[in-house]
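Let's take a walk through a protein chain together. Have the 3D view ready and turn it around as you read.

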Amino acid sequence: MSQRVLKVGIIGGGKGAFIAQPHQKAIHSDGTRRVVAGALFPDPKIAMEEAENWPYPIKGYGSYDDMINDQKNLPPEERLDYVLIVTPNFVHFDPAMKAIEAGIPVMCEKPMCMDMEQADKIVEAVERKKVPFAIAHTYLGHWTTRFSRFIAQSGLLGEIKWVDASYIQGWLGPLMLGGAAGMPMWRTDPKKAGKSGCGGDIATHALMQLRFTTGLDVTDVSAHLEKFIPGNALDDHFTAYCKLSNGGKAMVRASQISSGTRTTSTSKLSARRARWSGSRKTPRRFPYTCPTSPTAPTGAAA
Ligand SMILES: NC(=O)c1ccc[n+]([C@@H]2O[C@H](COP(=O)([O-])OP(=O)(O)OC[C@H]3O[C@@H](n4cnc5c(N)ncnc54)[C@H](O)[C@@H]3O)[C@@H](O)[C@H]2O)c1
């Protein structure tokens, strides 16, 4: 297997961008990849300045079109191994499609794109071009998720009957008091975020946690997309009651108005033999309850 360090081209990430930074740290943490090029900002001049300010030398581009088009001019050993898309939701589809059509693999932030029509086009292009395409459902890589998945899918708990998966934040809460939000406001603009605010932004994390941990899929959904912030165009509070592929049931909950909560993500699994809970807030504690066990009615795995 090749030990070559992979070359990453980053799209978005200039001027205080949020998720680009954790990506950039992760890229460097194991030495397998390196950011070598960037189209960091929509304004070409600022994009080039931001590339100059990158903590180490990278090749700056005024736009992602320039970066993708330039690949064919480069010798094979200098071409990007993949592009990383860390722009707001409305700037996922276009760079993803252009990269795929150019034969460049893509790592795209969630949500994949703005609607099903775009998603279907991406899937069609990926299958036609046979180009790898990944979505950064970050939390699936966290060890608490992997551990819960191992426990759930080992069968130790018995058949999963009910799951309560939640992802709770409070960054929009201050708006209820006339204050300022703690995240970029494109998330509340349907033209930039998509058809759902809270659901599309963070219930996706809870949903993926549920699916990945249990190995089950959601077959039926009854959802409430609610707005607590006056004038908010999109949901800031989201609740879905779901039927699972094994006949079990689940609640997928998310909120952005839980004032004072930074981010809390929890999955509680109720199964035939035991109940199991995993949360990134308390990563060394996995409370479980075994009602049928006389010797260990409750406990915590550490
Ligand atoms: N996986 C996670 O846990 C997680 C967490 C936060 C954000 N996200 C996702 O990451 C994406 C970015 O979110 P964010 O909070 O970092 O947003 P942000 O607003 O902080 O950063 C977006 C960056 O993209 C740049 N940009 C916008 N249009 C561009 C264009 N045409 N060309 C080049 N750059 C452009 C902006 O200038 C900015 O630098 C969103 O899709 C969001 O859903 C995922």
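Which residues of helix α4 (residues 93–101) are buried? They are F93, P95, A96, A99 and I100. Keep in mind that you're looking at a predicted model. So what do those buried residues pack against? Quite a list: the strands β1 (6–11), β4 (82–85), β5 (106–109) and β6 (133–136), plus the helices α3 (64–70) and α5 (116–129). Once you've followed α4 to its end, look for G103, which comes after the helix and has a positive phi, near 80°.

Now hop back along the chain to helix α2, residues 44–52. Here the buried residues are A47, E50 and A51. They sit on the same side of α2, because they cover an arc of only 100° around the axis. There's a handy rule behind this kind of pattern: an α-helix has 3.6 residues a turn, so residues three or four places apart point the same way. Swing round to the other side of α2 and you'll find K45 and E52, which are exposed. As for the buried residues, their cover includes β2 (33–39) and β3 (59–60).

Time to zoom out. The chain splits into domain 1 (6–136) and domain 2 (142–301), and their centres, taken over C-alpha atoms, are 29 Å apart. Where the two meet, 7 residues of domain 1 are in contact with 8 residues of domain 2. On the domain 1 side, that makes 4 nonpolar, 1 polar and 2 charged residues.

Last stop, the ligand. It has 25 residues around it, and the closest are G12, A17, F18, I19 and E109. Sorted by class, this shell holds 15 nonpolar, 6 polar and 4 charged residues.

Terms used: Residues numbered from 1 in each chain as written. Predicted model: local features only at pLDDT ≥ 70, side-chain atom pairs only at ≥ 80, totals over all residues. Domains from an automatic or database assignment. Nonpolar A, V, L, I, M, F, W, Y, C, P; charged D, E, K, R; others polar. Near = placed C-beta within 6 Å. Buried ≥ 20, exposed ≤ 12 C-beta atoms within 10 Å, placed from the backbone. Helix = DSSP H or I, 4+ residues; strand = E, 2+ residues; numbered from the N terminus. Arc of directions from axis to C-beta.
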